[in-house]
Amino acid sequence: MVAPLSIIIPTNDSARDLPDTVATLFKGLQDGLIRELIICDSTDDNSVETIADKLGAVFIHSAKGRGTQLREGAKHSSGEWMLFLHADTHLGEGWNRVVSDFIDSHPDRAGYFRLKFRHRGLFPHMVAGWANLRSTLIDLPYGDQGLLISRTLYDQIGGFQAIPLMEDVDLCRKLKGKLMMLDGFASTSARRQVKNGWIRSGLGNLWILTRYFLGSSPEALFNKYYK
């Protein structure tokens, strides 16, 4: 049996995150679940390509923008299923069993993990709780929760758009009614929230999301808030 799963990780100044992230994937490789690991980088940092080579991953250099990177990764992948992960997202114990069961039983759905932060305290717990509630109530998980989707369904909805921001929201809107929370966790870094402040980061994300829903383009939002 051919391994069904392509794992696609976009990177941008993420060399320090990759080894620990990939380490959480080894069980899936041992089980014959993972067909290939694809790392899409948009920088001129050769260290990411070096790490990818050491890990036996396929390395793709793409234009900047996470949406562009994810789209390129999907384009170059060959698995019947794809799992999109952020470079600092660690899958929890038993993820391989959860993914395998989902692939066998939900060919027409897409899945995402429950979010956790690798940081202790009240704010990390509250923010993760809100993210998980938002995901189930309005079918809107973010990219740091991972996305498991069949190639058939991905192609049907047109895949990720080559946009610099909101690529995860755009895709989830097209998947509305077809998303399911997986019975497992994805833990992510809280580096940005700790640096900028949990309240400030949360309000900033909410404002960007609101502006996007009101019609602002991802390019305009990116240029205003991230340059």
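**Figure 1. Asp183, with a relative accessibility of 61%, counts as exposed.** Welcome to a predicted model, the one shown in all of these close-ups. Here the side chain of Asp183 meets that of Arg114 in a salt bridge, with N and O 3.6 Å apart. Since Arg114 belongs to strand 6 (residues 110-117) and Asp183 to strand 8 (residues 179-188), their pairing ties together parts that lie 69 residues apart in sequence. Arg114 is partly exposed, at 23% relative accessibility. Why might two such side chains meet at all? Side chains of opposite charge can pair when their charged atoms come close.

**Figure 2. A salt bridge joins the side chains of Asp17 and Arg191.** The N to O distance in this pair is 2.9 Å. Look for Asp17 in the loop between strand 1 and helix 1 (18-23), and for Arg191 in helix 9 (residues 191-196); the pair therefore ties together parts 174 residues apart in sequence. Which of these two partners is buried and which is partly exposed? Asp17 is buried, with 11% relative accessible area, while Arg191 is partly exposed at 39%.

**Figure 3. Lys27 and Asp31 form a salt bridge.** Their closest N and O atoms are 4.0 Å apart. Both partners can be found partly exposed: Lys27 has a relative accessible area of 42%, and Asp31 has one of 44%. If you are keeping count, the structure holds four salt bridges.

**Figure 4. Cys40 and Cys172 do not form a disulfide.** How far is the sulfur of Cys40 from the closest cysteine sulfur? The answer is 19 Å, to the sulfur of Cys172, which is too far for a bond. Seen from the other end, Cys40 holds the cysteine sulfur closest to that of Cys172. To count as a disulfide, the two sulfur atoms would have to be within 2.5 Å of each other. A search of the whole structure finds zero disulfides. Both residues are tucked away from the surface: Cys40 is buried at 0% relative accessible area, and Cys172 is buried at 4%.

**Figure 5. Helix 4 (residues 66-76) has several buried residues.** Which residues are they? Try finding Gly67, Thr68, Gln69, Leu70, Gly73 and Ala74. A handy rule for reading any helix is that an α-helix has 3.6 residues a turn, so residues three or four places apart point the same way. The buried residues of helix 4 pack against strand 1 (5-11), strand 2 (34-41), strand 3 (58-61) and strand 4 (81-84). Helix 7 (151-157) and helix 8 (167-174) are also among the elements they pack against.

**Figure 6. The largest nonpolar core has 29 residues.** Leu5, Ile7, Leu83 and Trp95 are the members that touch the most others. At least two residues of this core come from each of strand 1, helix 1, strand 2, helix 3 (46-55), strand 4, helix 5 (95-105) and strand 8. Which element gives the most? Helix 5 does, with five residues. Apart from this core lies another one, of 28 residues, including Met82, Ile149, Leu165 and Leu175.

**Figure 7. Leu5 is in contact with residues from several places in the sequence.** Leaving aside neighbours within four places in sequence, the contacts of Leu5 include Leu33, Ile34, Arg35 and Glu36. Trp81, Met82 and Leu83 are also in contact with Leu5, as are Trp95, Val99 and Leu148.

Key. Residues numbered from 1 in each chain as written. Predicted model: local features only at pLDDT ≥ 70, side-chain atom pairs only at ≥ 80, totals over all residues. Heavy atoms only, no water. Buried < 20%, exposed > 50% of the residue type's maximum accessible area, 1.4 Å probe, protein only. Helix = DSSP H or I, 4+ residues; strand = E, 2+ residues; numbered from the N terminus. Contact = heavy atoms within 4.5 Å. Core = buried A, V, L, I, M, F, W, Y, C linked by side-chain atoms within 4.5 Å.
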